[in-house]
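Subject: Structure handover

Hello,

Here is the structure for you to look through. Please open it beside this email and follow along.

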Amino acid sequence: MQFIEQKHDKPWLLFLSQLEPHRQNDVDAFVPPKRYEGKYVDPHIPEDLRKLPGNWRSRIPGYYGCVQAIDDCVGTLVAALEKTGHIDDSVVLFFSDHGCTFRTRFGEYKRSPHDSSIRVPFVIAGPGFGQSAVIDEVVSLVDLTPTLLDAAGIRPPSRMRGKPLGPLAPDPDARKAWDSTAYFQISQSICGRGIRTREWCYCAFDPSVKHGNAEHSEHYQDFALYSIASDPNEMLNLVGRPEYKDIADQLREELRKRIIAAGEPEPTITLILYYA
């Protein structure tokens, strides 16, 4: 607030990174501010969590309290922009780096190819983003910086990965031309690489790398394939099913291209096929 409210002679960028709701403490719990302790005793449980064992029963109330505290902070910053008269010439972008699986997947909190890990909040408002709308496209955090540069009237360098998201809001034709594919990497739990499209999530991994402790691999194999259209909670892994071989082949080749485009060595990705 002090930074926002001081006089600025030039345009500025403020980046605020808050730790919670990461579980980064010595009590193995999400610890909210005292004002939110006990507030979420009977909370909404997302469908993909409630069908699986994990620790969401005991952890979600504290997690929601932490999220509410973050929301309070966003409101405080927006109020500071309003106080200084800069709310109409400021772009505000809120995002998270990952979600939380509450140990429902691999005993992990975040290192998995599922939407509860990789689908994150991404909300933007300000000049060029004035209309209220939900854009139903798959975008990635690599689009964040080009979006902010474009909003500030700065042309993103051609070498920069990602694309400005501004044109998607007012232009339906821009949405039709948008490549709704996001590339993601998984470390520590597995050494994995994957892509999320509108209809599918596909992931490959290197089974020889223990605990994912490698920057990359040159040899992956099928790991997960989910139909987002028919199985939005990602309960049924379709890897190896012969009736999905064609779509798996397409996704595997697209993933290989994305790995190369990300600057990693050209990999082999081995097909797994099971027959009943």
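Below are the ground rules, followed by what was found.

**Ground rules**

This is a predicted model, in which local features need pLDDT of at least 70 and side-chain atom pairs count only at pLDDT 80 or more, while totals for chains, interfaces and linings use all residues. Residues are numbered from 1 along each chain as its sequence is written, and side-chain values use heavy atoms, with hydrogens and water left out.

**Confidence**

pLDDT is the predictor's confidence in each residue, from 0 to 100. The chain has a mean pLDDT of 92. In all, 99% of its residues reach 70 or more. Helices (H or I, at least four residues) and strands (E, at least two) are DSSP runs, numbered from the N terminus. Among these elements, strand β5 (residues 200-205) has the highest mean pLDDT, 98. Helix α6 (residues 172-177) has the lowest, 83. Where pLDDT is low, the predicted coordinates should not be read in detail.

**The loop between α1 and α2**

Start with the loop between α1 (2-5) and α2 (47-50), where Leu19 is found. One term first: buried means under 20% relative accessible area, exposed over 50%, and partly exposed in between (1.4 Å probe, protein chains only). Leu19 counts as partly exposed because its relative accessibility is 47%. Its C-alpha atom is 9.8 Å from that of Cys66, although the two residues are 47 apart along the chain.

Pro21 lies in this loop as well. A cis peptide bond joins Glu20 to Pro21, with omega about 10 degrees.

Asp28 is another residue of the loop. Its phi is positive, about 50 degrees, although Asp28 is not a glycine. Asp28 has 35% relative accessibility, so it counts as partly exposed.

Asp42 also lies here. Is Asp42 buried or exposed? At 72% relative accessibility, Asp42 counts as exposed. The C-alpha atoms of Asp42 and Arg57 are separated by 9.6 Å, with their positions 15 residues apart along the chain.

Look elsewhere for one more positive phi. Phe106, in the loop between β1 (92-95) and α4 (115-118), has a phi near 60 degrees and is not a glycine. Phe106 is partly exposed because its relative accessibility is 45%.

**Helix α3**

How far apart are the end C-alpha atoms of α3? They are 41 Å apart. The expected span of a helix is 1.5 Å times one less than its number of residues. For the 29 residues of α3 that gives 42 Å, so the two values agree.

The buried residues of α3 include Trp56, Ile60, Tyr63, Cys66 and Leu81. The buried residues of this helix pack against α1, α2 and β1, where contact means heavy atoms within 4.5 Å. Just after α3, Gly85 takes a positive phi of about 80 degrees.

**Aromatic rings**

The structure holds nine aromatic pairs. Rings of Phe, Tyr and Trp (its six-membered ring) pair if their centres lie within 6.5 Å; planes under 30 degrees apart count as stacked, over 60 as edge-to-face and the rest as tilted.

Phe3 and Trp12 form an edge-to-face pair, 5.3 Å centre to centre with 90 degrees between the planes. Tyr40 and Tyr64 are also edge-to-face, at 5.9 Å and 85 degrees. This pair links distant parts of the chain: Tyr40 is in the loop between α1 and α2, and Tyr64 is in helix α3 (residues 56-84), 24 residues apart. Tyr40 is buried because its relative accessible area is 18%. Tyr64, at 22%, is partly exposed.

Phe30, Tyr63, Phe102 and Tyr109 form one aromatic cluster.

A charge sits over a ring if NZ of Lys or CZ of Arg is within 6 Å of the ring centre and within 35 degrees of the ring normal. The charged end of Lys163 does this with Trp178, 4.2 Å from the ring centre.

**The largest nonpolar core**

A nonpolar core is a set of buried Ala, Val, Leu, Ile, Met, Phe, Trp, Tyr and Cys residues joined through side-chain atoms within 4.5 Å. The largest one has 16 residues. Which members touch the most others? They are Tyr202, Leu225, Leu251, Leu255 and Ile269. β5, β6 (219-227) and α7 (245-261) each give two or more residues to this core. The largest share, five residues, comes from α7.

Beyond four places in sequence, Ile269 touches residues including Tyr202, Ala204, Tyr220, Leu255 and Ile259.

Best wishes
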